[in-house]
Amino acid sequence: ANLQFENDSIISEYVDNGQTLDKVLMQLFKDGRKEDAYNKIIDFKNKVLEKFPLSNSHTNSVFRKYGVECNPKEIKKLTFLKNGLYDLIFQNCFVIKNDYYAYDQEWSEQNVPLEFIIYRSILNLPEIDGVITHDELYEKFELVKYIDIFTELENKMQNEIRDDVMWNLHVRSNQKLIENIEKQKGILAEADVVLEKENEIKAHKEEIANLSKTIKEKEYCRR
């Protein structure tokens, strides 16, 4: 696959056409080709395992960071990625000639289970009555026993993202306000210079008028 991982980042070629993996899967489900869809998901998992370094740090995982209580025995059964780009979901991967091209991968955490990424991928797939449901996919890929901790982790991560986004908006808003204040100060300073010049000109005009008046008075007295 064209997924490459270097320097904590995904390296993927530019793609100007192609379908995202979620759309490929949904079409397979609609066509009644469930096994083909399942195999496509398995292939995706295998490609990720080939390209991403694994971690044995079960005790210092993303669950601990976000305060999600877990059963240690169950956690050890998960496959942890050292650099977990947890937004590497089906919707963010193009499929072209059986290769995967990833995009939109700014969210990353250390020691994230591959199973959590699959859970998030399924969570973001649409459900179709009588065709496919999330629960069916969770069961197929043996995720049911992890749903509670994955859901808690997802909610806590999303809350932090929202907090970061709001903070960044706050910072940008304040920065724009500061820039606007500085701009207004500059305009006022220029206005002060103009006003000062106008006052100088007015004073000169008054001085000229007074001198002209004095000259006229002197000429009148001579007569």
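A nonpolar core is a set of buried Ala, Val, Leu, Ile, Met, Phe, Trp, Tyr and Cys residues joined through side-chain atoms within 4.5 Å. Keep that in mind as you open this structure, which is a predicted model.

**Stop 1: the core**

Start in the middle of things. The largest nonpolar core here has 48 residues. To find your way into it, select Phe44, Phe63, Leu137 and Phe150, the residues with the most contacts inside that core.

Now keep Phe63 selected and show what surrounds it. Leaving aside neighbours within four places in sequence, Phe63 is in contact with Val68, Cys70, Ile75, Leu78, Phe80, Pro113, Ile149, Phe150 and Leu153. Two of those names, Phe80 and Pro113, will come back at the next stop.

**Stop 2: strand β5 and its partners**

Select residues 80-84, which make up β5. Of its 5 residues, 4 are buried, so this strand is mostly covered. Next, add residues 54-55, strand β4: β4 and β5 pair in the antiparallel sense over 2 bridges. You can pick out one pairing by showing Leu54, whose bridge partner in β5 is Leu81.

Then add residues 109-113, strand β8, which runs antiparallel to β5 and is joined to it by 4 bridges. Here Phe80 has Pro113 of β8 as its bridge partner. Both Phe80 and Pro113 are also contacts of Phe63.

**Stop 3: helix α5 and a polar contact**

Select residues 114-123, helix α5. Is this helix enclosed or open to the outside? Of its 10 residues, 9 are buried, so α5 is largely enclosed by the rest of the structure. The buried residues are Leu114, Glu115, Phe116, Ile117, Ile118, Tyr119, Arg120, Ser121 and Ile122.

Stay with Arg120 and show its side chain. Which residue does it meet in a polar contact of 3.0 Å? The partner is the side chain of Asp87. Asp87 sits in the loop between β5 and β6. With a relative accessible area of 11%, Asp87 is buried, because buried means under 20%.

**Stop 4: the three-stranded sheet**

Follow the chain on from that loop to β6, residues 93-96. In a regular strand, the side chains alternate between the two faces of the sheet. In β6, Cys93 and Val95 lie on the covered face, while Phe94 and Ile96 lie on the uncovered one.

Now bring in the partners of β6. Strand β3, residues 19-20, pairs with β6 in the antiparallel sense over 2 bridges, and Thr20 stands opposite Phe94. On β7, residues 99-102, the antiparallel pairing with β6 spans 4 bridges, and Ile96 has Asp99 as its bridge partner. The hairpin of β6 and β7 has 2 residues between the strands. Click on Lys97 there, which takes a positive phi near 55°.

Select the three strands together and you have an open sheet in the order β3-β6-β7, with antiparallel pairing. β3 and β7 stand at the edges, each with a single partner strand, so one side of each is left without a neighbour in the sheet. Add helix α2, residues 34-51, which packs on this sheet and touches β6 and β7. The direction of α2 makes about 65° with that of β7.

**Last stop: two cysteines**

Finish by showing Cys70 and Cys93. Are they buried or partly exposed? Cys70 counts as partly exposed, at 25% relative accessibility, whereas Cys93 counts as buried, at 0%. A search of the whole structure finds 0 disulfides.

Technical notes. Residues are numbered from 1 along each chain as its sequence is written. This is a predicted model: local features need pLDDT of at least 70, side-chain atom pairs count only at pLDDT 80 or more; totals for chains, interfaces and linings use all residues. Side-chain values use heavy atoms; hydrogens and water are left out. Buried means under 20% relative accessible area, exposed over 50%, partly exposed in between (1.4 Å probe, protein chains only). Contact means heavy atoms within 4.5 Å. A polar contact is a pair of N or O atoms within 3.5 Å; within protein, one must be able to donate a hydrogen and the other to accept it, and residues adjacent in sequence count only if both atoms are side-chain atoms. Two strands pair if DSSP finds at least two bridges between them. Axes are lines fitted to C-alpha atoms, for helices over the stretch in contact, and angles run from 0 to 180 degrees between N-to-C directions. A disulfide is a pair of cysteine sulfur atoms within 2.5 Å.
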